[in-house]
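Q: Please take a close look at one part of this model, the strand whose side chains and backbone pairings bring several other elements together. I would like the ion pairs treated before the strand pairing and the nonpolar packing, with the cut-off behind each term.

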Amino acid sequence: MSHNFFTPATAASVIGELFTSNWLTVDQERITAFGEITDDPDPHHVDPEFCKEHSPWGKPISFGFLTISLLTPMIYDVYRYPLDGDSKDGYPASYGLNRFRLVAPVLAGSRVRGKFTVTDVRDRKPGQLMITVDFAVEIDGNSKPALVGEWQMLWITPDVLV
């Protein structure tokens, strides 16, 4: 999949376009590693034997925050900014999530992908551009998405201190 490079000057040109990432597999190894790194030993996520007996799904599910964290590689799959290390255009940073909901669990072994649409691009203040993106994370074979929401990114030009 080719990346759609954008800068503050070109971000508004993709308003309304839908971009879909490649599929990512959320396997048990990824789920367990996330539990370890976040100090969360919840057996509904990290213990397949426990889940066979006690989970309504019969297998572990992804941590909600793991699924949220996968937004980054999914959006990088469809939107990129120039990564030349000396960008005169600055750098986008996450600003926050709005209207965010975890809709359906992601079972261990499932594939997910992101669908992204830039809905707004506006100046926040001099040197800062607010980019708003609607997103949905789909689960392969499931009619309900894993999560939906609105993500705001703040593009900061190099000459501005936050």
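**Strand 6 and its surroundings**

A: The side chains of Arg111 and Asp140 form a salt bridge with an N to O distance of 2.9 Å, a term that requires a side-chain nitrogen of Lys or Arg within 4 Å of a carboxyl oxygen of Asp or Glu. This pair connects distant parts of the chain, with Arg111 in strand 6 and Asp140 in the loop between strand 7 and strand 8, 29 residues apart. The model is a predicted one, in which local features need pLDDT of at least 70 and side-chain atom pairs count only at pLDDT 80 or more, while totals for chains, interfaces and linings use all residues. Residues are numbered from 1 along each chain as its sequence is written, and side-chain values use heavy atoms, with hydrogens and water left out.

Elements here are DSSP runs numbered from the N terminus, helices being H or I over at least four residues and strands E over at least two. Neither partner of this salt bridge is fully hidden or fully open: Arg111 is partly exposed at 33% relative accessibility, and Asp140 is partly exposed at 39% (buried means under 20% relative accessible area, exposed over 50%, and partly exposed in between, with a 1.4 Å probe and protein chains only).

A second salt bridge of strand 6 joins the side chains of Lys115 and Glu138, at 3.5 Å from N to O. Because Lys115 belongs to strand 6 and Glu138 to strand 7, this pair ties together parts that are 23 residues apart in sequence. Both side chains are again partly exposed, Lys115 at 23% relative accessibility and Glu138 at 24%. The structure holds 7 salt bridges, and Arg99, Asp134 and Glu150 are linked in a network of them.

Turning to the backbone, strand 6 (residues 110-125) pairs with strand 7 in the antiparallel sense over 12 bridges, where pairing means that DSSP finds at least two bridges between two strands. Gly114 of this pairing has Val137 in strand 7 as its bridge partner. The hairpin of strand 6 and strand 7 leaves 2 residues between the strands, and Gly127 takes a positive phi near 85° there.

Strand 6 also has antiparallel partners earlier in the chain. Strand 2 (residues 18-20) is joined to strand 6 by 3 bridges, with Thr20 standing opposite Lys115, the residue that also forms the salt bridge with Glu138. Strand 3 (residues 24-26) likewise pairs with strand 6 over 3 bridges, and Val26 has Ser110 as its bridge partner.

Finally, the nonpolar packing: the largest nonpolar core has 35 residues, and those with the most contacts inside it are Leu71, Ile75, Tyr79, Phe116 and Ile131 (such a core is a set of buried Ala, Val, Leu, Ile, Met, Phe, Trp, Tyr and Cys residues joined through side-chain atoms within 4.5 Å). Strand 6 is among the elements that each supply at least two residues of this core, as are helix 5 and strand 7, and strand 7 gives the most, with 6 residues. Leaving aside neighbours within four places in sequence, Leu71 is in contact (heavy atoms within 4.5 Å) with Phe116, Phe135, Val137, Leu147 and Trp151. Leu71 is one of the buried residues of helix 5 (residues 71-78), alongside Met74, Ile75, Asp77 and Val78. These buried residues lie on the same side of helix 5, because they cover an arc of only 150° around the axis, taken from the directions from the helix axis to the C-beta atoms.
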